[in-house]
Amino acid sequence: MTESVVWKATDPATGEVFAEIEGTPVEQVPTVYQQAHQSFHAWSTLSLDARVSYLKKLRVHLSSHLDEAVLAIQRSTGKVPTEALTNEVLPVLHMLGYIEKNARKVLGSQPKPTPFFLQGKTSHVEYLARGTVLVISPNNYPFHLAMIPVISALAAGNTVVLKTSETVPYMGRYIEELFYQVGFPDDVLQAVHGDGELGQALIAGHPDYIFFTGSDATGRKIAQAAAEKLIPCTLELGGKDPMIVFADANIPRAVKGAAWGAFTNSGQVCMSVERLFVQAEIFDDFVEQLAAFTSGLVQGRDEDADIGAMTSMQEVRAIERLLQDALDKGATLVTGLPPEEWNFDNGRYLKPMILTDVTLDMDVVHEEAFGPLLVVIPFDNERQVVQLANQSRFGLNASVWSSDLEKAQRIASRLVCGGVLVNDVILTVANPNLPFGGTKDSGIGRYQAEIGLRTFCHEKAVMVDRGRRPREVSWFPYRGKYSSFKRLSHSLFGKFRNWPSLLAAYLKLR
Ligand code: NAD
């Protein structure tokens with residue numbers, strides 16, 4: 001047995017170690033799955049209403065313990081309380097509400113039409129739980145992005161093994177305690193604690209489905225390991241999202257939208273605004289207003305603070321590399337500090353940074369900048385900006401800003417991404433009725449909405465015949481049937497439907 005690792009939960013804003021979490025040894029993985037399999041039968045055969053009633057209890061409990069949830073998230077990530085509440089807890093409450101309202105409609109059996117050829121039968125689709133779902137979650141929204149797949153998978157009748165990120169080790173402990181306090185049956189949700197090594201062992205243990213959220217580099221490793229065992233998976237990966245501002249946009253609103261879109265959660269957001277395209281005629285004025293507004297944002301950890309700390313030092317180093325590369329190649333830092341002036345004595349705070357004069361040879365134009373680093377690029381016309389915006393290996397979210405809604409929607413339709421907003425940023429994810437996910441290197445699959453529940457099910461096609469007739473027209477023997485089938489095919493699918501000929505052919509076949 002390997003010695004178990006203890007993960008220290010450190011508050012990025014103060015450096016205080018506020019909890020120590022015992023790691024799950026990889027040798028324990030088979031036991032974890034055994035327990036998950038044992039609890040699966042009872043959980044998956046509960047009625048949908050009974051499963052949903054547990055989720056309802058979770059909603060009521062969580063909504064009456066908001067401060068506890070906010071504190072757990074804040075200490076783990078360094079984010080400000082308002083964002084912990086609105087961007088982590090509220091979306092989970094919304095999704096719980098969505099499940100309560102829609103689970104029966106989405107996961108109940110769906111009647112389907114049966115074609116003429118198959119007369120006498122009825123058809124429907126059933127949604128069957130997959131088994132044990134492995135959820136692997138990232139460090140930036142460690143509550144939201146763990147809980148949404150967990151509650152969706154549970155609603156569909158699966159048991160869940162959750163591995164939260166080792167950067168925020170307290171979150172797994174907090175979530176397991178939450179489920180314990182609500183009174184979920186044993187082992188329906190098990191949280192395990194560890195890093196990528198444990199993640200690999202969990203995949204090798206062969207879950208029935210993997211729901212992964214994290215970087216595209218890790219996503220590729222997960223996809224490879226899953227392919228080896230033919231385990232289906234959802235991959236929610238990174239982004240390099242464009243925001244396009246036309247000269248006819250509501251400029252004061254677009255300035256505030258850009259600042260929030262780029263710097264909320266200190267820019268540690270998969271669909272944060274990373275490439276801001278501003279029409280050339282308003283470029284200088286827009287950048288000036290954006291820099292002034294950004295400089296007024298307050299960093300800290302109290303209820304009135306706007307921008308929190310960086311969750312991981314690794315991301316700080318990655319931002320430093322991108323910024324230095326851009327500065328070395330001639331970019332201008334309009335606001336924020338160059339790396340040599342960064343100081344983390346009073347918490348891991350990075351001042352928001354805006355870069356102009358960027359060129360295509362700079363890494364910051366192409367690579368995900370998982371921190372408060374925004375590049376602003378001028379454009380001349382629609383055609384050019386669509387091409388620039390789509391010129392990325394990522395395709396998660398995007399936004400188009402204009403007072404001409406027809407033009408904005410025309411451009412929005414041409415962007416290759418999983419979600420797009422007109423005159424707003426990011427917030428498609430806040431609507432549980434909308435699917436969320438990426439195109440290109442931003443991922444595979446969707447969560448939220450109907451697809452986000454059905455993802456965790458096998459879709460089973462069912463056809464029922466009352467079994468009274470002696471045989472079917474399509475069965476053996478075929479003698480004498482070919483010409484009738486041919487006539488039937490013509491009558492049914494030819495230019496005009498010929499009902500008398502169709503009926504005659506069918507009666508002959510019977
Ligand atoms: P990460 O890829 O470093 O880690 C994510 C998770 O994967 C962690 O739990 C980690 O322990 C685990 N892991 C690492 N190596 C593994 C392996 N070999 N096998 C199994 N598990 C492994 O990501 P992060 O730094 O925690 O999160 C930031 C990234 O997540 C960014 O790229 C961001 O864009 C992306 N993200 C995407 C979405 C989305 O919905 N598309 C949402 C949030 C974050």
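Modeller: A word on terms before we begin: the domain bounds come from an automatic or database domain assignment. Please also keep in mind that this is a predicted model.

Colleague: Thanks! Which domains supply at least three residues each to the shell around the ligand?

Modeller: Let's start with the domain assignment, which gives domain 1 (28-112 + 120-237 + 449-459), domain 2 (241-432) and domain 3 (475-510). Each of two domains gives the shell at least three residues, and these are domain 1 and domain 2.

Colleague: And how far apart are the centres of domain 1 and domain 3?

Modeller: Domain 3 spans 475-510 in the assignment. Taken over C-alpha atoms, its centre is separated from that of domain 1 by 50 Å.

Colleague: How many residues of the shell around the ligand are charged?

Modeller: There are 30 residues around the ligand, with E166, S215, T218, L237 and E368 coming nearest. By type, the shell has 10 nonpolar and 13 polar residues, and its charged residues number seven.

Colleague: How far is a polar side-chain atom of E368 from an oxygen atom of the ligand?

Modeller: Let's go through three polar contacts in turn. A backbone N or O atom of N139 lies 3.0 Å from a ligand oxygen, and an N or O atom in the side chain of K163 is 2.8 Å from a ligand oxygen. For the polar side-chain atom of E368, the distance to a ligand oxygen is 2.5 Å.

Colleague: What share of the ligand's exposed area does the protein bury?

Modeller: The space the ligand takes is the largest pocket. On its own, the ligand exposes 860 Å², and the share buried by the protein is 92%.

Colleague: Where is L230, with its positive phi, found?

Modeller: Most residues other than glycine have a negative phi. L230 is not a glycine, yet its phi is positive, at about 55°. Its place is the loop between α8 and β9 (233-236).

Colleague: Last one: what is omega for the peptide bond joining F476 and P477?

Modeller: P477 lies in the loop between β20 (457-465) and α15 (482-493). The bond joining F476 and P477 is cis, with an omega of about -5°.

Terms used
Residues are numbered from 1 along each chain as its sequence is written. This is a predicted model: local features need pLDDT of at least 70, side-chain atom pairs count only at pLDDT 80 or more; totals for chains, interfaces and linings use all residues. Side-chain values use heavy atoms; hydrogens and water are left out. A residue is near a molecule or strand if one of its heavy atoms lies within 4 Å of it. A polar contact is a pair of N or O atoms within 3.5 Å; within protein, one must be able to donate a hydrogen and the other to accept it, and residues adjacent in sequence count only if both atoms are side-chain atoms. Accessible areas come from the Shrake-Rupley method with a 1.4 Å probe; for residues, only the protein chains shown count as cover. On a 1 Å grid over the protein atoms alone, a cavity is a set of points where a 1.4 Å probe fits but cannot get out, and a pocket is an open set with protein on both sides within 12 Å along at least five of seven lines; lining residues have an atom within 4 Å of a point. A molecule sits in a cavity or pocket if more than half of its atoms lie within 2 Å of its grid points. Ala, Val, Leu, Ile, Met, Phe, Trp, Tyr, Cys and Pro count as nonpolar, Asp, Glu, Lys and Arg as charged, and the others, Gly among them, as polar. Helices (H or I, at least four residues) and strands (E, at least two) are DSSP runs, numbered from the N terminus.
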